Amino acid sequence: MASPAIQVCLQTIRDLLVEETRFLYGVSDAVEKVERELNTIHCILMDADKWQDKHKTAILRDWTAQLNELASRAEYVLEKYAVEVTSRRRGGNLIEKVKRFSCILGECSTVHQIGEEIEAIRSSLTVLTGKLQVMAPWGSSSSSREDQQHLLRITFKHVVKQHFVGMEKDIESLVSLVKDKSNPVISIYGMGGLGKTTLARKIYHHEDVIRVFGKARAWVCVTQQFQATVVLRQILKQLLPDEEKEQISNMEYSELVDKLHDVQMQKKCFVVIDDIWESDHWSILERAFAMENGQCKILLTTRYETVGPRECLYKLHCLTKDQGWELLQKIALPRGQFLPYILLYLRIELNTKQSSVLEAIGRQMVQKCGRLPLAITVLGGILREKSTPSEWQKVNEDVDSYLKRGNEKVKQVLDLSYNALPYNLKPCFLYLGCFPEDEEIDAGRLYLLWMADSLIPYEEKGKNETLRDVAERYLSELASRCMVQVQKDEYSSAYNKFTSCRLHDLMRDLCLSKGQEKGFLKLVDLCKQQAKYDSTCVDTASRLAIHYNRDHSDEYFNRRGVVKNLRSLLLVNEGWSNVVLKIGSKGCGTDFNKLKRLRTLALESGEFVLSKEVGKLIHLRYLSLFGSIVVELPLSITNLTYLQTLDLRMMLNFINVSNVIFKMKRLKHLFLNQIQVIGDYGDKLILNGLEEFETLHDESFTSCVHISDIPRLTNLRYLKTDVSGKDELSIIANYMSSENILLREAHLQISRCDFNSEEPSNNNNNNNLKNMLMSPSLTTLVLSTSFINFIFPRYQRGMCTNLVNFTLRGRGRTERDDLMEILGQFPTLKKLTLYATVFLNREMKCLATSFPQLKYLTLTELHNLERWVVDKGAMPNLSRLRIYSCDGLEMIPDGLQFITTLQELETYMAKEFNDRLREEVNGQPGQDYHKLRHVPSILLKDRQ
């Protein structure tokens with residue numbers, strides 16, 4: 001029952017005490033008292049997560065709601081005070097200096113007012129702290145309910161599941177690993193309910209394993225109630241002869257370790273350690289296992305990737321769609337059981353219409369279960385009592401409710417994973433519930449949202465780390481605990497460990513139920529037909545996510561009710577709506593005058609009119625208009641003192657933006673594409689003076705910021721922009737070649753630069769390009785220009801050490817014929833695109849050791865290319881090849897037959913060229929088909 005809101009508020013107050021000391025003078029003592037009270041409550045509530053008493057839990061829920069309100073109020077009061085003092089002290093003109101005396105008097109008055117408010121908050125917190133301390137079960141033993149839950153979770157080697165589907169390949173692979181002497185410890189990991197224990201039993205009882213280890217096998221279930229001596233005794237009792245078992249009853253830990261080690265030195269042993277939760281638990285146990293001589297084999301099952309050695313990890317996945325349906329059939333429609341006539345008929349007439357309907361419904365339910373074996377098993381038990389397709393459809397329409405009513409086991413299994421999360425990760429996990437179902441959540445966007453909501457603490461930062469780095473660590477830990485599924489872009493840099501993440505369907509249900517239960521998050525999905533407006537839930541939520549479309553948008557937004565304590569508001573349009581929503585205007589459902597505590601505002605994929613009242617959201621950290629249509633960004637955004645992230649990547653139109661971004665001193669992350677800069681400072685945004693600025697992501701065809709300001713952004717870590725003309729090229733090249741910059745990633749497009757080697761005036765351009773290529777921060781480069789007699793800089797040690805993606809685009813020719821030889825030496829290049837390049841001798845050659853990391857190669861409109869040679873050993877990791885409109889190319893190279901990693905080939909070429917690649921032409925294989933018969937996917941499009 002611990003409250004993530006208390007944790008979030010504590011973090012904000014700590015940050016204020018660190019960052020705003022100069023503004024909190026006069027009230028800092030009172031603020032520190034509030035922090036101490038909140039910290040005490042925070043500790044009590046961390047323990048309260050383990051309370052099982054339903055009566056106490058109900059009382060605690062009510063008190064937690066009061067605490068949330070007090071914490072939010074404290075946060076609001078302090079930030080408001082800091083903003084007011086900041087605005088009074090800002091500026092230095094004569095008029096402002098004359099007003100300074102009255103400002104000092106105003107600050108004294110404000111200090112007095114805030115002191116009274118803080119004291120009132122502290123007094124209320126003290127009362128609640130006393131109540132919680134009285135209720136807290138200090139030093140008490142576990143309850144009978146906890147003992148019962150523990151007993152239910154213990155697994156046994158002799159229990160055999162009646163229905164077993166899939167995993168045949170898993171069994172084969174794992175048995176092979178068990179027999180192999182190279183890895184003494186194998187760790188099967190995955191989310192709860194996947195069938196890790198069932199799989200481990202199959203390995204334990206497998207005839208090949210019994211043949212190798214005989215009776216020297218042991219099974220022990222650990223669970224979260226870990227006791228090392230109990231575990232070691234259980235293992236020894238299964239490995240020792242009867243006459244020696246009594247000896248171990250009184251042995252201490254060290255004696256048990258020595259005894260178990262001695263046993264393994266005498267004979268080969270196989271031990272399954274099921275349901276182990278912590279790496280420390282394994283560190284305590286592993287001392288007892290003789291791994292040095294290959295005598296011992298350990299099989300772990302765990303939910304965490306980080307438990308156990310990393311040498312032999314085996315990740316278990318959900319069932320396939322077909323396997324899920326097969327499992328559901330075995331449980332819901334068992335053979336030999338008396339069935340109603342209609343189902344008997346379905347068994348016999350498998351091709352009837354009724355059968356197809358039943359299977360279609362069943363497959364939908366399998367998908368709603370996320371293809372999780374445990375959930376499918378529970379659902380199958382429910383459907384066993386249902387005899388008609390209409391009854392199955394009724395279950396299908398509300399799978400979640402039937403799973404909850406039918407069996408508590410699914411909820412219990414998933415709850416264990418949530419309850420075991422470290423306290424700092426719980427709110428981060430709950431936040432994931434605000435995104436649409438099955439959405440691939442952009443990792444970078446998620447980090448910024450977490451940071452805006454103070455879910456990422458400053459004290460977690462290591463040396464040279466940013467909050468973004470800490471957020472990435474948090475996501476990595478959630479992934480290692482199998483709470484989220486992460487995606488890694490094979491073409492991304494080392495800076496981006498993950499590109500996206502997503503939730504398993506049942507994990508998302510857990511996320512939403514826990515979020516609503518704790519008052520952390522409420523999702524209103526107006527896109528679902530059965531969705532109804534629940535004012536009670538919405539009015540008590542601190543974070544509100546609304547998914548809508550053209551059919552349901554007015555239903556919610558015309559309501560007058562406003563959630564006064566709302567911290568986060570996310571409006572996501574699923575499917576384009578032509579309804580223009582007015583956001584923030586007085587009297588509407590999103591009246592900014594009543595949303596004064598808002599920290600996150602995301603208006604995405606819709607058409608909006610943003611009220612000038614947005615400037616009153618002084619606590620706002622995150623403002624996103626991603627994928628939307630908004631005509632103008634109000635000038636009042638300069639009042640957003642705490643704004644960290646501004647995302648202006650619009651859908652179709654340009655947005656008018658006043659040139660005032662440079663006044664927002666806390667701004668760290670700016671995303672742009674189609675903006676029209678208006679005002680008195682020119683047509684490009686000024687960024688000079690933003691000392692905390694970390695990210696400039698400008699997708700504009702021509703950069704809409706002053707390039708000359710970039711070297712002055714001393715904290716910049718990520719840069720994406722267009723570099724146009726020799727002056728901008730010189731600025732960026734000099735900036736990237738300096739030694740003291742913090743820049744980690746640069747994604748650049750160079751345009752309108754002349755690299756003609758015959759013109760002496762272009763030497764500076766060529767030198768600047770060379771300097772840029774020597775920068776370790778260069779990650780993506782698009783060289784887009786018309787070049788004649790262009791000499792690409794010769795490769796030298798240290799060049800392009802982190803370049804992942806390179807595009808060469810232009811209509812000219814290279815003076816030398818060694819372009820591919822140079823590019824082939826770039827050590828980290830994974831994606832290469834050549835567009836309209838002219839080769840001097842009409843030949844392109846890839847040497848044997850070239851392109852060691854290249855995975856994706858695109859050749860487009862290389863009109864004079866006639867011959868392409870690929871030596872054996874070149875491009876050993878190539879997986880995708882695209883060839884478009886290379887009219888002169890006669891055939892694909894012979895060397896492609898040696899690239900066994902190639903998975904996809906796509907061409908848009910003349911029919912004659914494609915016929916050489918086809919599996920059959922006039923009853924015969926194409927002339928070059930033998931070169932790519934190993935490629936799984938071949939798509940040949942004939943160019944007319």
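Three short exercises on this structure follow, each with a worked solution.

The model is predicted: local features need pLDDT of at least 70, side-chain atom pairs count only at pLDDT 80 or more, and totals for chains, interfaces and linings use all residues. Residues are numbered from 1 along each chain as its sequence is written, and side-chain values use heavy atoms, with hydrogens and water left out.

**Exercise 1.** Place I546 and decide: buried or exposed?

Step 1. I546 sits in strand β10, residues 543–548. Strands are DSSP runs of E, at least two residues, numbered from the N terminus.
Step 2. Its relative accessibility is 0%, so I546 counts as buried (under 20% relative accessible area, 1.4 Å probe, protein chains only).
Step 3. L523 is 23 residues away along the chain, yet the two C-alpha atoms are separated by 6.0 Å.

**Exercise 2.** Find the helix that holds E255, and classify its exposure.

Step 1. E255 belongs to helix α12, residues 253–266. Helices are DSSP runs of H or I, at least four residues.
Step 2. E255 counts as partly exposed because its relative accessibility is 41%; the class lies between under 20% (buried) and over 50% (exposed).

**Exercise 3.** Work out the order of the open sheet that contains β18, and its edges.

Step 1. The three strands run in the order β16-β18-β20, with parallel pairing. Pairing requires at least two DSSP bridges between two strands.
Step 2. β16 (632–633) and β20 (675–678) are the edges: each has a single partner strand, so one side of each lacks a neighbour in the sheet.
Step 3. Four bridges join β18 (residues 655–658) to β20. In one of them, N656 partners Q676 of β20.
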